[in-house]
Amino acid sequence: ITGVCAVIALKGAALASAAPSAVRKLSKGRLSFKVADIPELAEVGGAVRIGNVKGKPVGVSRTAANRYVAFNLACPHQGVTVVRDENGWVCRKHDSQFEADGDLVLGPATTGLTRVPIKVTRGTAVVG
C-alpha cells in the first residue's frame, strides 16, 4: 500500500503545475499548452506528465532550447504507468528506468517509452 500511495503522490505532484488550467483538451483527444506556462519545461532536461491523450497518460520533455518530445507513460514491459523521479521516469512494478526524454536506461523493458506526436508553434504545443 505504501508504494501505491507514493505513486499517487508523485503523480499528483507532476500534474499540479500542468493541469488543469495550463493544459487544454482539443478535438480528437489531443492536448494543447503554452510551454512557458509549464515550469518543469523551463530548462533543457525538464519533463512532466501533462495528462491523457486518447486515454493514454502522456509526458513531455524539453530536449534542447527549442525541441520537445512527448511519449506514452505506459511502461513497454507490462503497461504500468511510469512516474517521474529525480533522474527521469521509473516503473514501480519491475523497476524499469527511463531518461527524462523517455529513452530506456535499465530494463526489464527492452525499448524506451513510445513517442507521441508533438508540434510546438510560437510557444504553443499540441500533443497527439
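**A walk through the strands and cores**

Let's start with an open sheet of four strands, ordered E6-E7-E8-E9 and paired in antiparallel fashion. Strands here are DSSP runs of E with at least two residues, helices are runs of H or I with at least four residues, and both are numbered from the N terminus. Two strands pair if DSSP finds at least two bridges between them. At the edges sit strand E6 (83-84) and strand E9 (104-106), each pairing on one side only. Strand E8 (residues 97-98) runs antiparallel to E9, and two bridges join them. Phe98 is the residue standing opposite Leu104 in E9.

A word on what you're looking at: this is a predicted model, in which local features need pLDDT of at least 70 and side-chain atom pairs count only at pLDDT 80 or more, while totals for chains, interfaces and linings use all residues. Residues are numbered from 1 along each chain as its sequence is written, and side-chain values use heavy atoms, with hydrogens and water left out.

Stepping back, the protein chain has one helix and twelve strands. Of its 128 residues, 36% count as buried, meaning under 20% relative accessible area with a 1.4 Å probe and protein chains only (over 50% is exposed, and in between is partly exposed). Take the contacts (heavy atoms within 4.5 Å) between residues at least 6 apart in sequence: 37% of them join residues at least 24 apart.

Now the loop between E8 and E9, where you'll find Asp101. What is the charge situation of Asp101? This residue is buried yet has no salt bridge, and the nearest side chain of opposite charge, Arg115, is 4.6 Å away. A salt bridge needs a side-chain nitrogen of Lys or Arg within 4 Å of a carboxyl oxygen of Asp or Glu. For charge, Lys and Arg count as positive and Asp and Glu as negative, with His and the chain ends not counted. A polar atom of the Asp101 side chain does lie 3.1 Å from the backbone nitrogen of Asp103. Leaving aside neighbours within four places in sequence, Asp101 is in contact with Ser61, Thr63, Val69, Phe71 and Arg115.

Next comes strand E3 (residues 47-53), which is mostly covered, with six of its seven residues buried. E3 runs antiparallel to strand E4 (residues 56-64), and six bridges join the two. One bridge pairs Arg49 with Gly59 in E4. The hairpin of E3 and E4 has two residues between the strands, and Lys54 there takes a positive phi near 55°. Val48 lies in E3 too, and counts as buried because its relative accessibility is 2%. Val48 and Trp89 are 41 residues apart in sequence, yet 9.7 Å apart in space, C-alpha to C-alpha.

That brings us to the nonpolar cores, sets of buried Ala, Val, Leu, Ile, Met, Phe, Trp, Tyr and Cys residues joined through side-chain atoms within 4.5 Å. In the largest one, with 17 residues, Phe33, Leu41, Ile50, Val58, Val60 and Val127 touch the most other members. Strand E2 (31-34), E3, E4, strand E5 (67-72) and strand E12 (124-127) each supply at least two residues of this core. E3 gives the largest share, three residues. Apart from this core lies another, of twelve residues, among them Ala47, Cys75, Trp89 and Leu113.

Note on methods: A polar contact is a pair of N or O atoms within 3.5 Å; within protein, one must be able to donate a hydrogen and the other to accept it, and residues adjacent in sequence count only if both atoms are side-chain atoms.
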